[in-house]
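Thanks for asking me to look this over with you. Here are my notes, set out point by point so that you can follow along in the viewer.

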Amino acid sequence: MKFDVIVIGGGLSGCTAAAVLAEAGRKVALFSEGLSLHDASQGPASHKDQSRHPYSALAAISAKGVTVFRGDSIIRAELSQEGTKVLRAFSRNLGNEPLEAAAFLLATGKFFSRGIISNMEKVFEPVFDADVEFEPDHSKWFNPDFFAAQPFESFGVKTDAAGRVFKGGKAVENLYAAGQVKAGAPMSDSEIEDSGRKAAAAILKLF
Amino acid sequence: MQENNISTANLEQCLKCNLCTLVCPMLAVNEQYPGPKKAGPDGERYRIKDPEYYDYALKYCLNCKRCEVACPSGVKIGDMIQTARIKYGSQARIRGLHGLRDWTLASTDFVGGMAAVPVIAPIANGMLGTGAAKAVLHGTIGVDRHRTFPSYSPQKFETWFRKEAAAAQESFSSKINFFHGCYANYNYPRLGKDFVKVVNACGYGVSLLEREKCCGIALMSNGFAAKAARQGRINLNSIRKAEGPVLTVSSSCTHMMREEYPEVLGLPNEDVKDRIMLLTRWLYPKLASGEIKLRFKEGFRMKVAYHTACHMQRMGWQEFTLGVLRMIPGLELTVMEPNCCGISGTFGFKKENYEYSQAIGETLFAEIREARAAAGDSVPFAVATECETCKWQIEMSTGIPVVNPVSILAGALAD
């Protein structure tokens with residue numbers, strides 16, 4: 001399947017970017033592993049209220065023409081020989097079907113949504129194995145003061161000024177990141193939305 | 001993913017976020033149902049300690065898997081509930097009138113086979129269609145009087161295939177296998193014929209499996225898990241003996257054989273799973289790459305509203321079907337929001353479930369009626385879906401025809 005842009009992650013930054021890209025006339029696919037937790041916070045009362053239905057964000061971007069793959073996620077990708085361009089990606093549900101796009105947007109969030117994963121040795125990004133900024137000394141990951149800002153919260157993928165992701169020390173020309181998956185202090189909801197909008201604007205320059 | 005998991009359904013990954021609770025179609029209409037989180041991962045932790053904690057309200061689970069689609073953590077909530085029903089629930093016995101009903105509804109092969117005896121099909125169809133018979137079934141074994149039984153065909157698809165089509169398949173150098181399913185075999189052989197027409201137009205011959213039994217989904221959900229597993233073993237063995245892809249037309253049979261055989265019935269299928277797929281899953285990449293070219297009728301016109309059946313949604317394959325439908329010139333496609341129709345196989349046929357079934361389906365029915373009204377009358381209109389029980393439910397509830405995408409494709413092909 002071929003798209004202009006494939007957005008990986010159906011949270012706030014992914015949905016925002018997908019909406020902006022679709023409004024600009026791009027053919028967009030969005031893969032959302034489950035629903036966004038932003039929808040859960042509205043509580044069960046939202047169930048019968050269609051405007052606040054948990055599918056609302058995904059339904060809204062679907063109505064804008066985005067092809068939404070609910071409950072599916074990109075699990076691996078193939079890059080060019082130099083490792084500077086994503087050629088195609090593959091999802092869990094679509095199996096061996098190659099998913100091609102001019103640009104890919106990584107909007108998978110941080111630890112909670114497993115956009116970033118840690119073990120005792122390292123911190124990594126599971127889809128592209130993109131370069132992650134993190135503190136190598138495990139003893140410095142945490143602040144003993146539970147309520148203080150925690151250093152691990154800032155771990156995330158390294159990006160250049162245009163929001164492109166690095167892999168093996170080189171910027172990948174068509175792989176962008178938005179939202180919490182990026183290295184840096186935790187963002188507010190409006191900052192996450194803004195991050196999605198900025199990534200979409202950068203991607204639109206490719207077309 | 002996580003180290004030291006003890007469960008097979010990712011129990012430990014549940015974050016208690018309640019997204020599954022929000023999307024559960026049963027919970028929205030039935031407060032007796034604890035909902036997927038409580039019935040699934042929450043309840044499972046208690047059941048592991050003591051099976052006494054098993055809650056009989058788990059019978060309300062539709063097994064629609066919409067909880068699994070919503071889960072951001074990959075917890076197989078639906079599988080967990082199905083497994084609990086098999087492990088801790090009372091095993092069904094053909095006892096009493098409701099037991100007889102459940103067995104009859106679940107035994108698609110036996111009932112379909114009986115109905116295919118030449119004299120019986122017209123009698124059965126005639127009788128089951130009458131108000132008197134419906135009242136009797138409602139009052140005795142508890143099949144809801146509103147329901148219309150799918151009619152039985154006087155000739156099985158398998159019989160037609162052997163007599164009329166098998167010889168012609170020999171002229172093709174490559175063949176694919178066809179798992180036709182009960183609906184195409186006993187109720188609506190036309191669907192099987194459409195499949196053969198499409199595959200032949202693609203340049204492939206069709207062969208049937210050495211032995212095909214009902215996939216067992218109806219047995220599993222009615223408490224006859226051991227029998228479902230026996231049938232599953234027969235199907236998997238037949239698939240192992242066959243070479244190449246095994247194509248299907250029903251989303252629920254496909255989901256059952258691919259996902260529920262290993263996860264719920266404990267039948268390993270890793271060696272053959274990737275070969276079991278819907279026709280459109282196989283066809284779309286070949287059409288998109290130009291490997292297969294189809295010729296379509298000039299002047300074909302149709303408006304289609306696509307309904308993503310629950311198990312289709314869980315497999316995530318709707319884009320393959322939509323991709324194929326979009327290639328048909330003259331076909332106007334609208335895609336509806338994925339909502340459950342409420343029938344859940346045999347669930348909605350039981351009189352005690354009728355009200356829940358219709359209440360769940362209402363959101364979908366409203367969208368279908370809207371699409372029908374918007375389509376006007378200048379061009380034929382149909383709802384398309386891969387699930388036969390969705391078809392019965394939508395046709396009964398809206399009066400609007402529902403067609404399998406394979407039949408739409410067959411109808412659009414140039415002769």
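In what order do the four strands of the open sheet in chain B lie? Please keep in mind as you read on that this is a predicted model.

1. **The sheet of chain B.** The order is 6-5-7-8, and the pairing in this open sheet is parallel. Strand 6 (331-335) and strand 8 (402-403) of chain B are found at the edges, each with a single partner strand, so one side of each has no neighbour in the sheet. As general background, strands of a sheet pair through backbone hydrogen bonds, either parallel or antiparallel.

2. **Inside that sheet.** Strand 5 (residues 302-306) and strand 7 (residues 381-384) of chain B run parallel and are joined by four bridges. If you would like a residue pair to look for, Tyr306(B) is opposite Ala384(B) in strand 7 of chain B. Helix 17 (residues 318-326) of chain B lies across strand 5, strand 6 and strand 7 of chain B, and runs at about 155 degrees to strand 6 of chain B.

3. **Helix 19 of chain B.** This helix (residues 388-398) has eleven residues, and eight of them are buried, so helix 19 is largely enclosed by the rest of the structure. Have a look at which residues these are: Glu388(B), Thr389(B), Cys390(B), Lys391(B), Trp392(B), Gln393(B), Ile394(B) and Ser397(B). Their cover includes helix 10 (181-187), helix 18 (354-375), strand 7 and strand 8 of chain B. Just after helix 19 of chain B comes Gly399(B), with a positive phi near 75 degrees.

4. **Domains of chain B.** Chain B is divided into domain 1 (11-88), domain 2 (157-208 + 235-287) and domain 3 (295-412). Note that domain 2 is written as two segments. Taken over C-alpha atoms, the centres of domain 1 and domain 2 of chain B are 32 Å apart.

5. **Where the chains meet.** How many residues of chain B are in contact with chain A? There are 21, and they touch 21 residues of chain A. On the chain B side, the elements giving two or more residues are helix 1 (19-23), helix 3 (66-70) and helix 16 (310-315). Helix 1 of chain B provides the largest share, four residues. By class, this side of chain B has twelve nonpolar, four polar and five charged residues.

6. **The sheet of chain A.** Six strands of chain A form an open sheet in the order 3-2-1-6-12-11, with mixed pairing. Strand 3 (67-70) and strand 11 (164-167) of chain A are at the edges; each has a single partner strand, so one side of each is left without a neighbour in the sheet. From one strand to the next, the twist averages 35 degrees.

7. **Strand 6 of chain A.** Is this strand mostly covered or mostly open? Strand 6 (residues 100-106) of chain A is mostly covered, with five of its seven residues buried. Strand 1 (residues 2-8) of chain A pairs with strand 6 of chain A in the parallel sense over six bridges, and Phe3(A) has Ala101(A) as its bridge partner there. Strand 12 (residues 170-177) of chain A also runs parallel to strand 6 of chain A, and three bridges join the two. In strand 12 of chain A, Leu175(A) is opposite Phe104(A), while Ala177(A) is the bridge partner of Leu106(A).

Notes:
Residues are numbered from 1 along each chain as its sequence is written. Chains are lettered from A and ligands numbered from 1 in the order in which they are written. This is a predicted model: local features need pLDDT of at least 70, side-chain atom pairs count only at pLDDT 80 or more; totals for chains, interfaces and linings use all residues. Domain bounds come from an automatic or database domain assignment. Two strands pair if DSSP finds at least two bridges between them. Two residues are in contact if their C-beta atoms, placed from the backbone, lie within 7 Å. Axes are lines fitted to C-alpha atoms, for helices over the stretch in contact, and angles run from 0 to 180 degrees between N-to-C directions. Ala, Val, Leu, Ile, Met, Phe, Trp, Tyr, Cys and Pro count as nonpolar, Asp, Glu, Lys and Arg as charged, and the others, Gly among them, as polar. A residue is buried if 20 or more other C-beta atoms lie within 10 Å of its own, exposed if 12 or fewer, and partly exposed in between; C-beta atoms are placed from the backbone.
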